[in-house]
Amino acid sequence: MKLISGNTEFADPFGIGQAPSLFLAVVAEFICPILIIIGFKTRWAAIPTAITMAVAAFIAHGGDPFGRKELALLYLTVFVVIMLLGPGKYSVDKR
């Protein structure tokens, strides 16, 4: 909703600006999971999501206790596994 409403206040972990960081996060957290769900370019779509979860775990929550970054690490693990294993037999990629 932030991106649609024009509010681009967002963390800038890589120094590329708040608006580009927000745009990349939206693509990685909304568009790529949709591609993973339907099974289209699954391995490629898992890369941005895994990078986003790594940034969330190690940069955004780097100084927080483990309980705070546990969910990001769990998602990171899941997306890395999806990258390694690829889509299932009922995906768009397999047709």
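Colleague: Leaving aside neighbours within four places in sequence, what is A57 in contact with?

Modeller: G62, K69, A72 and L73, where contact means heavy atoms within 4.5 Å. Mind that this is a predicted model: local features need pLDDT of at least 70, side-chain atom pairs count only at pLDDT 80 or more, and totals for chains, interfaces and linings use all residues. Residues are numbered from 1 along each chain as its sequence is written, and side-chain values use heavy atoms, without hydrogens and water.

Colleague: Which residues make up the largest nonpolar core?

Modeller: There are twelve: C32, I36, A45, A46, A50, M53, A56, A57, A72, L73, L76 and F79. They count as a core because they are buried Ala, Val, Leu, Ile, Met, Phe, Trp, Tyr or Cys residues joined through side-chain atoms within 4.5 Å. Helices α2, α3 and α4 (66-85) each give two or more residues, and α3 gives the most, six. Helices here are DSSP runs (H or I, at least four residues), numbered from the N terminus.

Colleague: Why is T52 called buried?

Modeller: Its relative accessibility is 17%, and buried means under 20% (1.4 Å probe, protein chains only), so T52 qualifies. T52 lies in α3 and touches A28 and E29, not counting residues up to four places away in sequence.

Colleague: And what makes F14 exposed?

Modeller: The cut-off is over 50%, and F14 has a relative accessible area of 55%, so F14 is exposed. F14 is in the loop between α1 (2-5) and α2.
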